[in-house]
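Hi,

Here is the structure I promised to pass on. Have a look at it first, and then read my notes underneath.

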Amino acid sequence: MIGLLTACRIELMRILSLRPAFSVLILAVCIYAALYPQPYRNEALRDVPIALVDLDGTDSSRQFARRIDASADVAIGAELPDEPSAEREVFARQLYGILVIPKYFERDLLHGRQSPVALYADASYFLIYSRIAGGVSAVAKTFGVEVETARLIAAHVDPAIAAAASDPMPLTTVPLFNPQGGYATYLLPAAFVLILQQTLLIGVGLLGTLRDEGPASSPAGALATVLGKLLAYLILQTAVLPFYLIVLPYLYDIPRLGNPLVIFVFSLPFVVSVSALGMVVAALFRSPLTVQLVFAAIGIPFLFLAGFSWPTEAMPKALHYLALLVPSSSAINGIVSVSQLGASLSDVRTPFLTLWALALFYGCLAVRLEARMRRSYEARSSLAS
């Protein structure tokens, strides 16, 4: 126990005294917290500008265009006389779509015939494309229902029956756990977990490679040394985790239905598994520069394997199983569930046990590699003497 506490104390002092580790584990965490959420503060795209080409010029076409412009998603950025002019604006990235109202739009509506409108949206920006397509489709559906209802009422159909016939199955959508339907509410909780993992991995990796003394100089054994270091990282994260998982969601008005105690209990194996993985990587590569290059190279794969940029269920099975070896893959699902959705530990039993299994696996590897380094150092010391 004394050796464990000694190793913990030494590691905490090294975190504060070694400038590279301090920069990653403390300064970088603060910088990410301040800067990363800023681009997403508006939650959702609003008033995406598109071009309007009104070839009809009637009251109905102008009313339809006003409905589009009044919607929260789309704004009429320019009204142009023809499609080539609108295309030039889209190619110049001044506008992101073209809405074409055809000639005889009003005449066809009055005669009870279909009068399709054409929408060209820039799909190279997928979020913008989805917003434009969804906004115009919603307005077109509502406008069509009103036109059909008015036509039936003019034919002496009861207004209630006319409304039901025009829209027999109205749909009401309720965005659970994300009432604003915002991108920040979806993205930030998962991104915070990934930031915690990457900063901890790099910081632990640097601490494992920046050795001022031989590994055998510590009075503690390999097991006590590894456990002492893990305890030091846990102590550090007791200040970082509440800030990222509770304070930041509060500041950015992200839904918080979870119990803080449940969040901390679930985060325990996450911190241990990530710290142990960092120690394993440090023992394998033994160079600060190599550790930084390795984690920089695998940062983007970790992002895709995490399952919030693309669902893991839609990945090939091999990648799905590979993702289980990365702590963030299980931690994101679990932490988001317990913090945002209000899940209990029994509801997230599978990712919770997976993280404990990873903590045990990487912890045993770290102990074995620490013991091997000690034997190698002792052998070199005996040869030198």
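Below is what I found in it, starting with the salt bridges and ending with a patch on the surface.

One thing to keep in mind from the start: this is a predicted model.

**Salt bridges**

The count comes to nine salt bridges. I'll walk you through a few of them.

Start with R46 and D73. Their closest N and O atoms are 3.9 Å apart, and they form a salt bridge, since the cut-off is a side-chain nitrogen within 4 Å of a carboxyl oxygen. R46 lies in the loop between α2 (19–35) and β1 (48–54), while D73 is in the loop between α3 (59–70) and β2 (74–79), so this pair ties together parts that are 27 residues apart in sequence. As for how covered the two partners are, R46 is partly exposed at 46% relative accessibility, whereas D73, at 18%, counts as buried, because buried means under 20%. There is a further partner here too: R46, D73 and R131 are linked in a network of salt bridges.

Next, look at R93 and D122. Their side chains meet in a salt bridge, with 3.4 Å from N to O. You'll find R93 in the loop between α4 (83–91) and β3 (97–101) and D122 in the loop between β4 (118–121) and α6 (126–154), so the pair ties together parts that are 29 residues apart in sequence. R93 has a relative accessible area of 39% and is partly exposed. D122 is buried, with a value of 12%.

Then there is R113, which forms a salt bridge with D108; the closest N and O atoms are 3.1 Å apart. R113 counts as partly exposed at 41% relative accessibility, and D108 is buried, at 14%.

**A nonpolar patch**

Now for something without charges. Which residues make the nonpolar surface patch? They are V174, L176, F177, L257 and L341, and the patch comes to about 510 Å². If you want one residue to start from, try L176, in the loop between α7 (159–166) and α8 (183–209). L176 has a relative accessible area of 63%, so this leucine counts as exposed, the cut-off for that being over 50%.

If you only have a minute, go to R46 and D73 and follow the network on to R131, then turn to the patch around L176.

Cheers

Key:
Residues numbered from 1 in each chain as written. Predicted model: local features only at pLDDT ≥ 70, side-chain atom pairs only at ≥ 80, totals over all residues. Heavy atoms only, no water. Helix = DSSP H or I, 4+ residues; strand = E, 2+ residues; numbered from the N terminus. Buried < 20%, exposed > 50% of the residue type's maximum accessible area, 1.4 Å probe, protein only. Patch = residues over 30% accessible without salt bridge, like charges linked within 9 Å, V, L, I, M, F, W, Y side chains within 5 Å. Areas by Shrake-Rupley, 256 points an atom, 1.4 Å probe, with all protein chains shown as cover.
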